[in-house]
Amino acid sequence: MTFKILNFAAIMTEELKELKDLLILPKEIAIISHRNPDGDAIGSSLGLAGYLKNKHHNVNVVFPSEYSSTYEFVRGIQQSTIFDLEPDKARKIIDRADLIFCLDFSGLDRIDKLGENVKFSKAKKVVIDHHLDPEPFPDILISDIEASSTCEMIFQVIDQLGDRGKIDRYIGESLFMGIITDTGSFKYHTRPQTYETAAILKGIGVDDYGLNNKIYNAQKERHLRLLGHCLANRMEILQDYGAGIMWLSKKDYQDFDIQRGDTEGIVNYMLMIEKVKIAALILEQPTIVKISLRSKDDVSVQEIAQKHFNGGGHKNAAGGGVYASLKDVINRLKRVIPEHLPKVN
Ligand code: 5GP
Ligand code: MN
C-alpha cells in the first residue's frame with residue numbers, strides 16, 4: 001500500500017540539504033534527549049538511531065536520567081547510556097562524536113551536566129525539536145512548533161531526505177510511540193501531517209493497538225491506587241478561576257512507593273472537569289519541587305512555567321522545577337493563577 005503525502009512541504013530546506021551532506025559518509029554519531037525522557041524523547045532517539053544505523057553510521061543514544069519502566073519494551077533501549085548511571089561513558093560518547101543530534105529539547109539546561117559537553121564539543125550539532133523558543137546553540141536547527149511531536153518531525157526529515165524506504169517496522173514503532181504519547185493518542189496538538197505520518201507508519205506494519213496496550217494498559221496495581229489517592233485526597237479545585245491543583249509530598253512518595261514515571265499522566269485527569277482550564281501537579285522530589293502544567297484551549301501554561309517555575313514547554317503542556325518548599329510552590333502557583341486566568345464567577 002502506498003500513500004501520497006499531501007501536506008508535507010515538498011521543498012528541501014537549507015537545513016535538510018546541509019544535513020543530507022553531513023550524512024553522506026559514515027560518522028560517529030551521538031543522539032541525546034532530555035532528562036526524564038518521555039515517549040517522544042525515547043521514540044525519536046531510537047527511531048533516528050535505527051535509521052542512521054541502517055545508513056551505516058555508528059550511533060549511540062544517551063539520556064541524562066533513567067526512563068520509566070513502561071518503555072523497557074522499546075527495541076534498542078537497553079543499549080542506550082544513562083548519564084546518571086554511567087557518567088563517564090556518557091561523556092565519552094558525546095566527546096568523541098563527529099555529529100550530535102539533540103532531540104525533543106532545545107535548551108541545554110534540559111540535559112544537566114551534559115549540556116557543557118555538548119556546548120564545548122567540536123562536533124556538528126543538529127537540533128530537531130518542536131518546543132517553543134529554541135536556543136541558538138546548534139549548527140543546524142530544525143524546529144517546528146506546530147509538529148505534534150519530535151517523532152513526527154523525524155519521520156518527515158527522513159522522508160524529505162528521500163529515505164522513507166529505510167524506515168522499518170521497529171523504527172516505525174518508535175516513531176509512532178512518540179506521536180501517541182505527545183498527543184495523548186491523537187487527542188491534542190495534531191495536524192493533518194500527524195495523521196498522514198501515522199497512516200504511513202501503520203502501512204509499514206506498525207501495530208498501533210499493541211503499542212497502545214503496552215504504553216497505557218500495562219500499569220501496576222499501585223499506579224491506580226496512587227491515582228485514587230491523588231483524586232480523593234490531593235486535589236484542590238479553585239472554582240473561581242477554573243484551575244485544578246494536585247500535589248504529592250515526600251511522605252506520599254514513601255507511602256505509595258512512587259517510582260520514576262509513576263506520576264505521568266495524572267495531571268491530565270483534572271482537565272476532565274469542564275470548568276478546569278489549567279491543571280497543575282506539584283511533586284516534592286528529594287532536592288527539587290517539580291511542577292507539571294496542562295491547559296485547555298488558548299490558555300498558555302508555557303508562560304507560567306517560564307516566568308515563575310524556571311521551566312518552559314508548550315502552550316498546553318509545560319513544566320519546571322524550583323528549589324523551595326512544597327508549600328511555597330503551591331502558594332506561588334495560587335498567587336500566579338489569577339494573573340493568567342480571569343475570574344469565572
Ligand atoms: P511534564 O509535565 O510531562 O514533565 O512536561 C511537559 C512538558 O513541559 C515537557 O514536554 C517539556 O516541554 C516541558 N518541561 C517540563 N519540565 C521542564 C523543565 O524543567 N524545563 C523546561 N524548559 N521545560 C520543561
Ligand atoms: Mn515532544
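1. Which residue in strand 9 is the bridge partner of Leu 248? In this predicted model, the partner is Leu 283. The two strands concerned are strand 8 (residues 243-248) and strand 9 (residues 278-284), which run parallel and are joined by 6 bridges.

2. Strands 8 and 9 belong to an open sheet of 6 strands, ordered 7-8-9-10-12-11, in which the pairing is mixed. At its edges are strand 7 (235-238) and strand 11, each of which pairs on one side only.

3. A second open sheet also has 6 strands, in the order 3-2-1-4-5-6, and here the pairing is parallel. Its edges are strand 3 (81-82) and strand 6; each has a single partner strand, so one side of each lacks a neighbour in the sheet.

4. Within this parallel sheet, strand 1 and strand 2 (residues 58-63) pair over 5 bridges. One link can be followed across the strands: Ile 32 has Val 62 as its bridge partner in strand 2, and Val 62 in turn stands opposite Thr 81 in strand 3. Strands 2 and 3 run parallel and are joined by 2 bridges.

5. Is strand 1 (residues 28-33) mostly covered or mostly open? Mostly covered: 6 of its 6 residues are buried. In a regular strand, side chains alternate between the two faces of the sheet. Strand 1 can be read in that light: Glu 28, Ala 30 and Ile 32 point one way, while Ile 29, Ile 31 and Ser 33 point the other way, and all are buried. The buried residues on the two sides thus include Glu 28 and Ser 33.

6. Now the metal site. Which residues coordinate the manganese ion (ligand 2)? Asp 40, Asp 104 and Asp 182 each coordinate through OD, and His 130 through NE2, at 2.1 to 2.4 Å. In sequence, these donor residues follow the spacing D-x63-D-x25-H-x51-D.

7. Two of the donors show how distant parts of the chain are linked at the manganese ion. Asp 40 is in helix 2 (residues 39-54), whereas His 130 is in the loop between strand 5 (124-129) and strand 6 (140-143), 90 residues apart. Both Asp 40 and His 130 are buried.

8. Ligand 1 has 13 residues around it, of which His 131, Ser 292, Arg 294, Ala 318 and Gly 319 come nearest. By class, the shell divides into 8 polar, 3 charged and 2 nonpolar residues.

9. Three polar contacts of ligand 1 can be checked in the structure. An oxygen atom of ligand 1 lies 2.9 Å from a polar side-chain atom of Arg 294. From Gly 319, a backbone N or O atom lies 3.1 Å from an oxygen atom of the ligand. A polar backbone atom of Gly 312 is 3.3 Å from a nitrogen atom of ligand 1. On its own, ligand 1 has 490 Å² of accessible area, and the protein covers 77% of that.

10. Which elements give two or more residues to the shell around ligand 1? They are strand 10 (289-295), strand 11 (312-313) and strand 12 (317-322). Strand 12 gives the most, with 4 residues. Strands 10, 12 and 11 stand in that order at one end of the mixed sheet of point 2, where strand 11 is an edge strand.

Note on methods
Residues are numbered from 1 along each chain as its sequence is written. Chains are lettered from A and ligands numbered from 1 in the order in which they are written. This is a predicted model: local features need pLDDT of at least 70, side-chain atom pairs count only at pLDDT 80 or more; totals for chains, interfaces and linings use all residues. Side-chain values use heavy atoms; hydrogens and water are left out. A residue is near a molecule or strand if one of its heavy atoms lies within 4 Å of it. A polar contact is a pair of N or O atoms within 3.5 Å; within protein, one must be able to donate a hydrogen and the other to accept it, and residues adjacent in sequence count only if both atoms are side-chain atoms. Accessible areas come from the Shrake-Rupley method with a 1.4 Å probe; for residues, only the protein chains shown count as cover. Ala, Val, Leu, Ile, Met, Phe, Trp, Tyr, Cys and Pro count as nonpolar, Asp, Glu, Lys and Arg as charged, and the others, Gly among them, as polar. Donors are N, O and S atoms within 2.8 Å of the metal (3.2 Å for Na, K and Ca); water is not among the atoms, so sites may look incomplete. Buried means under 20% relative accessible area, exposed over 50%, partly exposed in between (1.4 Å probe, protein chains only). Two strands pair if DSSP finds at least two bridges between them.
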